[in-house]
Amino acid sequence: DLFADVGQYFTERGLLRVLVDAGAVVGMLGVVPRSDEVIELRKIYLAPAARGAGHGGRLLREALAHARALGARKVSLQSSTKLTEALGMYAKAGFRHVEAATRSCTCDVSMELAL
């Protein structure tokens, strides 16, 4: 298994995992419950050398599996229009653009996926 549990992320129901390939950390994933029904995908990161090998999809599937295991009905995320490959991956997985009441200063895109 390429995933290593790092621990909880913000709450006991949060998830923080790293993706390890050949002994090196090449990616990470952070998921935070916002309510019993909404899980926020807070972090997906891949090292540049690890991109294009399907690792992003693995991280996203791991996040969605965690959300489903918690009984969530929706996954939300914030991203940037600069991250075109990531936005394409989210759209392919079924995420849709939504208006958000608030966004972080570096994110100009909000998306949601109904589970």
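What pattern does the protein follow, read along the sequence? I went through the chain and wrote down β-β-β-β-α-β-α-β-β. That gives me two helices and seven strands to keep track of. Note to self: this is a predicted model.

**Entry 1, whole-chain numbers.** I looked up burial to start with. Of the 115 residues, 38% are buried. Next I checked the accessible surface, which comes to about 6,700 Å². Carbon and sulfur atoms hold 52% of that area. I also pulled the contacts with a separation of 6 or more, and 44% of them are between residues 24 or more positions apart.

**Entry 2, β3 and β4.** On to the strands. I found β3 (residues 24-33) paired with β4 (residues 38-46), antiparallel, over seven bridges. The two strands form a hairpin, and four residues sit between them. As a marker for the register I noted Gly30, whose bridge partner in β4 is Lys43.

**Entry 3, from β4 to β5.** Which way do β4 and β5 run, parallel or antiparallel? I get parallel, with four bridges joining them. To get from β4 to β5 the chain passes through α1, and this β-α-β crossover is right-handed. For the register here I wrote down Ile39, which has Val75 as its bridge partner in β5.

**Entry 4, β7 and its neighbours.** Val75 turned up again when I moved on: its bridge partner in β7 is Leu113. So I have Val75 bridged to Ile39 and also to Leu113, a handy anchor for my bookkeeping. The β5/β7 pairing itself (residues 74-79 with residues 109-114) is antiparallel and spans six bridges. I then looked at β6 (residues 96-97), which is joined to β7 by two bridges, again antiparallel. There, His97 has Met111 as its bridge partner.

**Entry 5, salt bridges.** How many salt bridges does the structure hold? I count five, and I looked into some of them.

The pair I opened up to begin with was Glu62 and Arg17, whose side chains meet at 2.0 Å, N to O. This pair links distant parts of the chain, with Glu62 in helix α1 (residues 55-69) and Arg17 in strand β2 (residues 11-21), 45 residues apart. Is Arg17 buried or exposed? I have Arg17 down as buried, because its relative accessibility is 11% and the cut-off for buried is under 20%. Glu62 comes out at 21%, so I filed it as partly exposed.

Then I turned to Glu40. Arg34 forms a salt bridge with Glu40, and their closest N and O atoms are 2.6 Å apart. Arg42 forms a salt bridge with Glu40 too, this time with the closest N and O atoms 4.0 Å apart. Through shared partners, Arg34, Glu40 and Arg42 are joined into one network. I checked exposure for each member. Glu40 has a relative accessible area of 13%, so I call it buried. Both arginines are partly exposed, Arg34 at 47% and Arg42 at 32%.

**Entry 6, what I'm keeping.** For the strands, my short list is the antiparallel β3/β4 hairpin, the parallel β4/β5 step, and β7 running antiparallel to β5 and to β6. For the charges, I'm keeping the Glu62–Arg17 salt bridge and the network around Glu40.

Notes. Residues numbered from 1 in each chain as written. Predicted model: local features only at pLDDT ≥ 70, side-chain atom pairs only at ≥ 80, totals over all residues. Heavy atoms only, no water. Buried < 20%, exposed > 50% of the residue type's maximum accessible area, 1.4 Å probe, protein only. Contact = heavy atoms within 4.5 Å. Areas by Shrake-Rupley, 256 points an atom, 1.4 Å probe, with all protein chains shown as cover. Pairing = 2+ DSSP bridges. Right-handed = clockwise from strand over helix to strand, strands pointing away.
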